[in-house]
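Work through the exercises below with the sequence and the coordinates at hand. Each task is followed by a solution in steps.

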Amino acid sequence: MSKTDTSETGRAAEEAAGARLSTAPQEETDAAIGGPALGVIGWIRWFWRQLTSMRVALILLFMLSLGAVPGSLIPQNSADELKVQTFKAAHETLTPLYEKLQFFDVYSSVWFSAIYILLFVSLIGCIVPRSWQFVGQLRSRPPGAPRRLDRLPAYTTWRTGAEPEQVREAALTVLKGRRFRAHTVGNAVAAEKGYLREAGNLIFHVALIVILVAFAVGQLFKSEGGKLIVEGDGFSNTLTQYDDFKSGSLFGTDDLEPFSFKLDSFTGTYEKNGPQRGTPRTFEAAVTWSQGGPDKKAVIRVNQPLEVGGSKVYLIAHGYAPVVTVKDGRGKTVFHGAVPLLPIDNNITSTGAIKVMDGYRDKNGKKEQLGFQAFFVPTFAGAGKGTMFSQFPALDFPVMALTGFHGDLRVNSGLPQNVYQLDKSKMTQFKDGSGNKLAQRMLPGETMTLPGGAGSITFEKDVKEWASFQISQQPGNGLALAGAIAAIAGLSGSLFIQRRRVWVRAVRGEDGVTVVEMAGLGRSESARLPEELGDLAVVLTADAPPAPEPAEEPAEDPAPSGEADK
Amino acid sequence: MILAATATNESLAQLSDLLIYSSMAVYTLAFFAHIAEWVFGSRSKVGRTAAALTSAPKAAPAAGVTVKVKQAGGTAVLDKPKVVTRSAAGTRDVPDGPGAAGGTVKGDLYGRIAISLTVLAFAIEAAGVVSRALSVQRAPWGNMYEFSTTFSTVAVGAYLGFLVAKKNVRWIGLPLVTTVLLDLGMAVTWLKTPSDQLVPALDSYWLWIHVSTAIFCGAVFYIGAVATLLYLFRDSYENKLATGGNPGSFARSVMERLPSAASLDKFSYRVNAAVFPLWTFTIIAGAIWAGDAWGRYWGWDAKEVWSFITWVGYAAYLHARATAGWKGRKAAYIALIAFACFLFNYYGVNIFVSSKHSYAGV
Ligand code: HEM
């Protein structure tokens, strides 16, 4: 739309009156966008001004959200390394490209970090001058009335018999009574309210920095480890006890909270009927823990970690650990214990390995090692009924299938070994009398005899459960929470409070009657501003009762014609 | 406590299904009544917009709207001060359209029927959601079927709330009822999950806090998005008129009845800005819950990522509104993108992306 001279002046008046109604950075002038003609310092200044402008902040916000996308669609090392491996195996051409782009570690990648670091530098570069400006505004007083009040977004005027000084006095009282900061400048009262908007906005932006710092501290100092515990066993919080352990780069092992706990029992219940049969209903781990002092009991549930000092113990997974006894050819027990098996489906069909490393001698008295592959189902479908897969997650009809091997388990080869798998490269499978591979499906209490007097393995009646726990320590949580609360509070202030100015001018008209003019200006257009101005005007009419209008409007009265609302 | 899982009350669950289907039937009637409102209504004051845009003398100051000021006390007052408002310099001054009924009696009648039917359908749907909750004895937000039914109930509730507050929102009726039907249709065909208990990970009081605010935010963001979309149409229409173009008669008929672009823009801004702090809270509540359930409050899980993207999107929208050269249409596009992210987070992430938050139940 082409702007006319009048609206241009109107705009100028508004701009003057609205000056410093916010601390938003100044809009760039064309010259600034064109780049500086000065040397290096000029360029640095120019770059800094660009970086801290609203426009660049907006672009960086865009890039941040865009940059977050790939990490949600491509498997991430931080979330699930196994899935990343599977993905890499399935996409041979994409993988090198993705690796180069750090798409498997998006949120710690160089480019993602660059975006948010730039954003936060820009944020700081913006907050600091804005805060100074705001302090300055708090210490100064609202600017005087613009020459033409009728150009402002909300305007009202009337004539009154009261004296101008009296009207101004009354206006000052009314405005101050409504918690405006008000003072008289020349022939008008200038008032302003809603400074909390700016304060809220600054608090919000500072809170974002606090959250980021808290997040960074958490990442650097955190530790997180997993531990699988069979019912009856315990754990004490030292590095060597963990199955796996990850920590931030500034974490020291001394930082581990000293405590220990024992898994007394694990209870899992499942939906028995209906279409959601098998869906878990309760997972509860009853533990006894202590921090050096007396033992305490606690129950850990999925949403209820155990908190000990700065550490939290979370219940992550569970499964079964059948108890087996292995005897050698002379009937000597060489292994007795619960063997945790890993679930492979939702009905807890489980697999694993039983390894007899020491103490076993074959029938000739020669030292050897034994290994068994175990396949376990808590609820068997029934003999002759399809596959060896579990029908239900609870221990309703447990069956275990075993095959045995003898030889060298290669546990001493120096390579880390998966406890749930057998390295069969130096092992020989037991064969039954007719030369077939030995394999047996067993019920609790049953025993499989190894051929040729090699001994036996018994599936004991006792099937234990195991639970795995994650023990995490992440400092900075409290700080992050404080930042988050401050962010919401600041944001609410920033969005719900309207910062506005009101001017009341009272002058003696040409005919000697006082003319009162009131106008309001907000940073953004608001329906409440005219309403508030109306309220104020009504209150003020108590002290400045309207006088009858003269027959003819004063020539300078620019009140727009009222045709538009008809 | 949840050992009583089998206590799922079958008959209440069936009642809930029946209520949801009934509400769909009533929404369908409301849909047709809205169509009738649009068909029988007319853009009564022909070319108000065009008149306001083209015939206004150039030198005239921006046309004002006179607001009557409430009068304090009843004493003999000669005259009330009138507050004259004017739009900011550079914006168009166009009156709002008369609404779908366009001031015609017949159109208005159908419009009222449509709203009455919407109220009825809302009541039935709300009863459906509540009976579902009673049948499972928990918050009815355990899977996508339940999210979807609650979501549309809340969206319609918000719309009716605006109506009760005497806001000018009747124009949203038709698009709203249409999408509610789509939402419910998808819910009963693809997302249907039998009434049941929650998996242990969802069993927390944070479910009440986090999911209820998420659903509320979604419903209100949705209303904001509809207003934003209509703003874009109406704005092009006004632009066309202002530059002397001649829109088709259908566009003319529909657009003339909508509120002015400025009003739609303001409405969508208020709605989006008002829920943004609540959306911030929703994400923070989710983070606290994740801290309890999974041992970390932020792990860049797909759901978390898309909530974050949505949040940044709306923050960008708010910024755009305060940035020179980004106000108006550009800001509106950002708001629509942000809402698209919200939708993707709901449908896309729940169904297609594997995430710790996979409890879509489909
Ligand atoms: C370089 C960085 C940034 C700068 C220069 C900046 C500047 C500003 C300014 C001046 C305002 C006030 C606008 C007004 O008074 O209407 C504002 C508002 C806001 N900012 Fe930022 N900001 C930055 C970064 C961020 C970031 C990272 C976020 C969050 C993602 C954010 C979220 C907001 C929100 C939600 C508002 C409220 C908008 C409103 O008042 O309508 N800002 N920002």
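The exercises cover the ligand site, salt bridges, a hairpin and annotated spans of a predicted model.

**Exercise 1. The ligand shell**

Task: State which residues are closest to the ligand, and decide whether the site belongs to one chain or is shared between chains.

Solution. Start with the shell: 26 residues surround the ligand, and the closest are A:S122, A:C126, A:F204, A:H205 and B:H319. Next, look at the chain letters. Residues from both chain A and chain B surround the ligand, so the site is shared between chains. Finally, sort the shell by class, which gives 18 nonpolar, 5 polar and 3 charged residues.

**Exercise 2. Polar contacts of the ligand**

Task: Find the side chains whose N or O atoms lie at 3.4 Å, 3.3 Å and 2.3 Å from a ligand atom, and list the elements that give two or more residues to the shell.

Solution. Take the ligand oxygens before the nitrogen.

- An oxygen atom of the ligand lies 3.4 Å from a side-chain N or O atom of A:R197.
- For B:Y269, the distance from a side-chain N or O atom to a ligand oxygen is 3.3 Å.
- A ligand nitrogen is 2.3 Å from an N or O atom in the side chain of B:H319.

Then turn to the elements. Those giving two or more residues to the shell are α4 (54-73), α7 (110-139), α9 (195-221) and α10 (477-496) in chain A, along with α8 (261-294) and α9 (302-321) in chain B.

**Exercise 3. Salt bridges between strands**

Task: For the salt bridges A:D264 to A:K297 and A:E284 to A:R301, give the N to O distance, the strands and the exposure of each partner.

Solution. The side chains of A:D264 and A:K297 form a salt bridge with an N to O distance of 3.5 Å. This pair links distant parts of the chain, 33 residues apart: A:D264 is in strand β7 (residues 260-270) of chain A, and A:K297 is in strand β9 (residues 296-301) of chain A. A:D264 has a relative accessible area of 24% and is therefore partly exposed. A:K297 is at 65%, so it counts as exposed.

In the second pair, A:E284 and A:R301 meet at 3.0 Å, N to O. A:E284 belongs to strand β8 (residues 280-290) of chain A and A:R301 to β9 of chain A, so the bridge ties together parts 17 residues apart in sequence. Both are partly exposed, A:E284 at 22% and A:R301 at 25%.

**Exercise 4. A salt bridge within a helix**

Task: Determine where B:R234 and B:E238 lie, and whether they are buried or exposed.

Solution. The closest N and O atoms of this salt bridge are 2.8 Å apart. Both residues sit in helix α6 (residues 205-242) of chain B, 4 residues apart, which is about one turn of the helix. B:R234 and B:E238 are both buried. Elsewhere, salt bridges with shared partners join A:R130, A:E192, A:E198, A:R499 and A:R501 into one network. The count over all chains is 22 salt bridges.

**Exercise 5. A hairpin**

Task: Describe how β2(A) and β3(A) are connected.

Solution. Strand β2 (residues 181-185) and strand β3 (residues 188-193) of chain A run antiparallel and are joined by 5 bridges. A:T184 stands opposite A:V189 in β3(A). The two strands form a hairpin with 2 residues between them, and A:G186 in the turn has a positive phi of about 60 degrees.

**Exercise 6. Annotated spans**

Task: Check the helix content of two spans of chain B annotated as "transmembrane region" in the unreviewed UniProt entry, 147-165 and 205-233.

Solution. Residues 147-165 of chain B are 95% helix and 0% strand, with end C-alpha atoms 26 Å apart. Residues 205-233 of chain B are 100% helix and 0% strand, and the end C-alpha atoms lie 43 Å apart.

Technical notes:
Residues numbered from 1 in each chain as written. Chains lettered and ligands numbered in written order. Predicted model: local features only at pLDDT ≥ 70, side-chain atom pairs only at ≥ 80, totals over all residues. Heavy atoms only, no water. Near = heavy atom within 4 Å. Polar contact = N/O pair within 3.5 Å; in protein donor to acceptor, adjacent residues only side chain to side chain. Nonpolar A, V, L, I, M, F, W, Y, C, P; charged D, E, K, R; others polar. UniProt positions renumbered as here; feature names shortened; annotations may be inferred. Salt bridge = Lys/Arg side-chain N within 4 Å of Asp/Glu carboxyl O. Buried < 20%, exposed > 50% of the residue type's maximum accessible area, 1.4 Å probe, protein only. Pairing = 2+ DSSP bridges.
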